[in-house]
Amino acid sequence: MNASPDEILAQLKQRQFAPVYFLQGEEPYYIDLLAGLLEQHVLPEADKGFNQVVMYGKDTDVAGILGQAKRYPMMAERSVVIVKEAQAVADLETEKAWPFLEAYLKNPLQSTVLVFCYKHKTLDARKKLGKLLAGDKKTPAPAGTVLLTSKKLYDNQVAPWLSQYVRSKGQQITPQATNMLAEYIGGELSRLTNEVDKMLLNLLPGHSIDEDLVQRMVGISKDYNIFELQSALVRRDVLKANRILIYFEANPKNNPIIPNLTLLFNFFSRLLALHQLPTVAEADWLKMGLRFPIQRRDYQTGLKVFDFGRCRDIVHLIRRADAQSKGIDSGSMTDGEILRELVWLVLHPVPLHAITG
């Protein structure tokens, strides 16, 4: 049975446990969350010593996993077997192990909760195990198996997800803070929730997570950060841009070049996409995850300052700077010098062919 994280969480709250959970996908947050809940709450502490086993994929095989899963619990209602890093089980999708794995999945021991944590990838849908778990109209998936496929969020999904996460904790977050976290950290949910949880611990009663708290807790300078640099570029504020660059060079650990280039690339790529629309409607802003007027301000200015051709060239220049930051055609340039050159080229419309040859 395919299930969403919310569906599985609802079942766990009601203490409804399936015999087999196969948790897979590129986004590890929900895999870790659900596996952690199963590890902590299926068995009482007194029963875990004899009835709960945690295995690691690189150290085991299908025979070892099934051997543990087929054991009856000792003086307890259930036993729990958790296979972490299951993607490293060498024979998980091999023909040799398949008959035994298939037989168990189709008829699992009801007193065992077997959990596979298959992280950063998904099963090959062309192979037998992937086909069995996914199921189809002719051959439904095994009734006792719950399959979760945890996908990475798209950029426009991060801010709404973050707002919902904070609300689920009984707190509020301002649009400015939401945008800053979504842009600065991106869709890495584990890191995002860790940062939010730290802020919630330091949140005064009756207050919301705001921009100031994000800046203090995440280590983003209030005046000298990538968002201020972005604003300086669209306003063509050369003095402000250079002050920010000086700060970045003096504080390289807090301002690594690759994340900053990623944010600039995202900004100018969105500008490029907006330029290709006949008119920019509300739905277009929402598709980009820009729900609030304050988030759209720099884009509206940028559309006036940089035309389509210039945005296209700037995207190319950012790609060039990214390659330089990885040692390609950079000579002896430092990260600070690479970013300084990029900013100069953005602010001064030098023909692209004159730069790239």
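Which residue just after α7 takes a positive phi? In this predicted model, that residue is Gly170, and its phi is about 80 degrees. Before coming back to that corner of the chain, it helps to look at the whole.

The protein chain holds 18 helices and 5 strands. Its C-alpha trace spans about 75 × 55 × 45 Å along the principal axes. Of the 357 residues in the chain, 46% are buried. Contacts also reach far along the sequence: taking those between residues at least 6 apart, 74% join residues at least 24 apart.

The strands come together in an open sheet of 5, ordered β2-β3-β4-β1-β5, and the pairing is parallel. β2 (52-56) and β5 sit at the edges with a single partner strand each, so one side of each has no neighbour in the sheet. From one strand to the next, the twist averages 10 degrees. As for sheets in general, strands pair through backbone hydrogen bonds, either parallel or antiparallel.

Two of the pairings can be followed in detail. Strand β3 (residues 79-84) runs parallel to strand β4 (residues 112-119), and 5 bridges join them. Within this pair, Val80 has Val113 of β4 as its bridge partner. Helix α2 (residues 28-41) packs on the sheet and touches β1, β2, β3, β4 and β5, with its direction at about 160 degrees to that of β4. The other pairing puts strand β1 (residues 20-25) alongside β5, again in the parallel sense and over 5 bridges. Here Tyr21 stands opposite Val146 in β5. Is β5 mostly covered or mostly open? Although β5 is an edge strand, 4 of the 5 residues in this strand (residues 145-149) are buried, so "mostly covered" is the answer.

Helix α7 (residues 155-168) is the one that Gly170 follows. It has 14 residues and reaches 21 Å from the first C-alpha to the last, close to the 20 Å expected at 1.5 Å a residue. Its buried residues are Val158, Ala159, Trp161, Leu162, Ser163, Tyr165 and Val166. In general, an α-helix has 3.6 residues a turn, so residues three or four places apart point the same way. Several of the buried positions in α7 can be read with that spacing in mind, among them Val158, Trp161, Leu162 and Tyr165. What covers the buried residues of α7? The cover includes α2, α8 (175-185) and α9 (189-201). Helix α2 thus turns up in two places, on the sheet and over α7.

Farther along the chain, two helices pack against each other. Such a pair is described by the angle between the axes and the distance between them. For helix α16 (residues 308-325) and helix α17 (residues 335-347), the angle is about 170 degrees and the axes are 10 Å apart. An angle over 145 degrees counts as roughly antiparallel, and α16 and α17 are therefore roughly antiparallel to each other. On the α16 side, the contact is made by Arg310, Ile314, Leu317, Ile318, Arg320, Ala321, Gln324 and Ser325. On the α17 side, the residues are Asp335, Ile338, Glu341, Leu342, Leu345 and Val346. Sorted by class, the contact has 8 nonpolar, 2 polar and 4 charged residues.

Helix α17 itself has 13 residues, which should span 18 Å at 1.5 Å a residue; the end C-alpha atoms are 19 Å apart, which agrees. Buried in α17 are Gly336, Ile338, Leu339, Leu342, Val343, Leu345, Val346 and Leu347. Among these, Ile338, Leu342, Leu345 and Val346 also take part in the contact with α16.

The loop between α16 and α17 holds Ser330. Is Ser330 buried or exposed? With a relative accessible area of 9%, under the 20% cut-off, Ser330 is buried. Leaving out residues up to four places away in sequence, Ser330 touches Gln324 and Ile338.Two residues other than glycine also have a positive phi. Met75 has a phi near 55 degrees and lies in the loop between α4 (62-69) and β3. Met75 is exposed, at a relative accessible area of 74%. Glu85, with a positive phi of about 55 degrees, is found in the loop between β3 and α5 (98-106). At 31% relative accessibility, Glu85 counts as partly exposed.

How values were computed
Residues are numbered from 1 along each chain as its sequence is written. This is a predicted model: local features need pLDDT of at least 70, side-chain atom pairs count only at pLDDT 80 or more; totals for chains, interfaces and linings use all residues. Side-chain values use heavy atoms; hydrogens and water are left out. Axes are lines fitted to C-alpha atoms, for helices over the stretch in contact, and angles run from 0 to 180 degrees between N-to-C directions. Angles under 35 degrees count as roughly parallel, over 145 as roughly antiparallel, 65 to 115 as roughly perpendicular and the rest as oblique. Contact means heavy atoms within 4.5 Å. Ala, Val, Leu, Ile, Met, Phe, Trp, Tyr, Cys and Pro count as nonpolar, Asp, Glu, Lys and Arg as charged, and the others, Gly among them, as polar. The expected span of a helix is 1.5 Å times one less than its number of residues. Buried means under 20% relative accessible area, exposed over 50%, partly exposed in between (1.4 Å probe, protein chains only). Two strands pair if DSSP finds at least two bridges between them.
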